[in-house]
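Let's take a walk through this model, one piece at a time. Have the sequence and the 3D view open side by side.

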Amino acid sequence: MGGNKTPTADTPSLASLLMAQDPAHLQVLMTTLALANTESQSLLAEVLTGSGPLGTVAQGDPMGAGDAFGQVGMSLARNPMALMQANMDLMQGWMTLWQEMVTESFEAEAPPVKDKRFSDPEWQANPTFKFIRKAYDLNARWMMSLADRAPDIEEPIHRRAKFFMQLLTDSLAPTNFLGTNPQALKAFIESGGESVLAGLRLAREDIRKGGGKLHITQSDHTPFTIGENIATAPGEVVFRNDLIELIQFAPTQETVHAKPLLIFPPWINKFYILDLQEKNSMIRWLVDRGLTVFVVSWRNADEVSKDFTWDDYARKGIYAAVEAALMASGAKSLNAVGYCIGGTLLTSVLGHMAATGYNKIDSATFFASQSDFELAGDLKVFTDGPGRNYVYSIIDNHGGIMPAKDMYETFNWLRPIDLVWRYVVDQYMLGKEPKPFDLLYWNADQTNIPGPVHKQYLSQCYAENRLAKGEYTVLGEKVNIGNVKIPVMLQASRDDHIVPYESVFRTTKIFGGDTTFVLSGSGHIAGVINHPDANKYQHWTNPGPLDQGSAKEWLEGAQEIPGSWWPTWWAWLKPKSGRKVKAIPPKDMGLGAAPGTYVKKRSEDIKLPTE
């Protein structure tokens, strides 16, 4: 990480920069710095109180952060030995820190810093900043340990306390403050204060875009146009209703496998994560394997679709797409894919198909998708009582729609170091303009969600886990996923913060047929969308039984394979895709070319209904 480097001529130290200044100019800089530091602290307060889950504390605490902290405190008060041990550990930590600061000053080389926030050489070479870094780390670890030391709090309270404490400790990192960020201080001196002025302008613009609420711009969106330089795989819209457009992509081979592949992406985002650029397009890669590929493009919720239910998504989404794909391809059956919540919907409908004898889906693959939510991670903070009621209030206050901007904000705050504070530092402190990045453009292109669908997903799946328990109802039928006998492959990503791989592994145990599990490196997006040509990451396979043991035990016995998991998936999918037949281009149905019209409708252009 470069944390053990010392400043060189190419990376001057903060002290050398200060010494190089003219005394009169230095006095002006110091006065300006004091003002800029005040402004940066005000900006930090805006970030904390104006956006994200932590900001709800300043809005009456609807998510119950204060209650969770209070219960941890009361538990420790009832258990004085636990509180005493916590305080003793903190004191011991401080004694060790002072000893380390003395002994490390005589070491030729200190151990490298692993936390990428502290990669600037000053955090290792400058004794003052080294002490600040180590003191922060000590205090943060102590704060994070408190909930674990409280012996008699319920799991939802424990989870909520840990989540909000993590947000708090991340927000208090010295890198987030101009006065204790050496990189920002050096930029301030080198630019004569222009870096902070530029950052404040960027911050004000983001507040303006957010209608008075800070809405961080992560990427320059201007270079991208859907259908021109992203989402460019050729094809046709072959079906449309008031919920979906079904896109069939043009073949690149003279012959194709007889069974098409139908992909159901999440409706929280748009489908073109599967087709950002030619070099990383999963859709193009699958087409080049000789598959006829169909993808569902979901409607961005508006006045027309705001009252749609889970059953509407089952009927107008899954069933309608299957029938339309079979009609367009001439096939009698197909293989299906479900990504994230699209996979949860597909699982529930497969249960309905099993109950009603519908047999037109021959296999299913799930990308980062869970149907057992027992170990669903930090998102469960938003589905316990206070969290769920808070989300419901957002929906009710926006005329029955879950707004895209709130979903975007929620996912950013699940990884605040990478998706919030990084941009606070780079843009608001260093004054860097956002750079074009296709993935972040897609990430910001969130969709509105119909309130009934979102409420059912949070309550019946996350909070009550009905789908895994066989208590979920689809189109009037109570579904049992154990009755789904078709071959299933579930993919998970080891560093997924949205759908933890342990949760996906539990999902493997509820299907009734031949089930395969594959674990990829990286997270929710990069773990799934990892073109083999990129030669990145790795994946793990284990042919052992899935009905016994934990995810950790499965991984301990797994084989690590370098690179993308796609070839392993294709080795599984190819024998299930049928014989080769002559490829037929998609018909022009008069509905327009790929990527269609639904994908181009941005949420900010949709006027949300009022109460």
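Start on the surface, where Met81, Met84 and Met88 make a nonpolar patch of about 330 Å². Patches here are built from residues with over 30% relative accessible area and no salt bridge, joining nonpolar side chains (Val, Leu, Ile, Met, Phe, Trp, Tyr) within 5 Å and like charges within 9 Å. A salt bridge means a Lys or Arg side-chain nitrogen within 4 Å of an Asp or Glu carboxyl oxygen, and areas are Shrake-Rupley with a 1.4 Å probe, with only the protein chains shown counting as cover for residues. Met88 counts as partly exposed because its relative accessibility is 46%; buried is under 20%, exposed over 50%.

This is a predicted model, so local features need pLDDT of at least 70 and side-chain atom pairs 80 or more, while totals for chains, interfaces and linings use all residues. Numbering runs from 1 along each chain as its sequence is written, and side-chain values use heavy atoms, without hydrogens or water.

Met88 sits in helix α5, residues 80–104. Helices (H or I, at least four residues) and strands (E, at least two) are DSSP runs numbered from the N terminus.

Next, hop to α10, residues 194–209. Among its buried residues are Val196, Leu200 and Ala203. Just past α10, Gly211 has a positive phi of about 65°.

Finally, 10 strands form an open, mixed sheet ordered β1-β2-β5-β4-β6-β7-β12-β13-β14-β15. Pairing takes at least two DSSP bridges between strands. β1 (235–240) and β15 (559–562) are the edges, each pairing on one side only. Inside the sheet, β7 (361–367) and β12 (488–493) run parallel over four bridges, with Thr365 opposite Met489 in β12.

How values were computed:
The expected span of a helix is 1.5 Å times one less than its number of residues. Buried means under 20% relative accessible area, exposed over 50%, partly exposed in between (1.4 Å probe, protein chains only).
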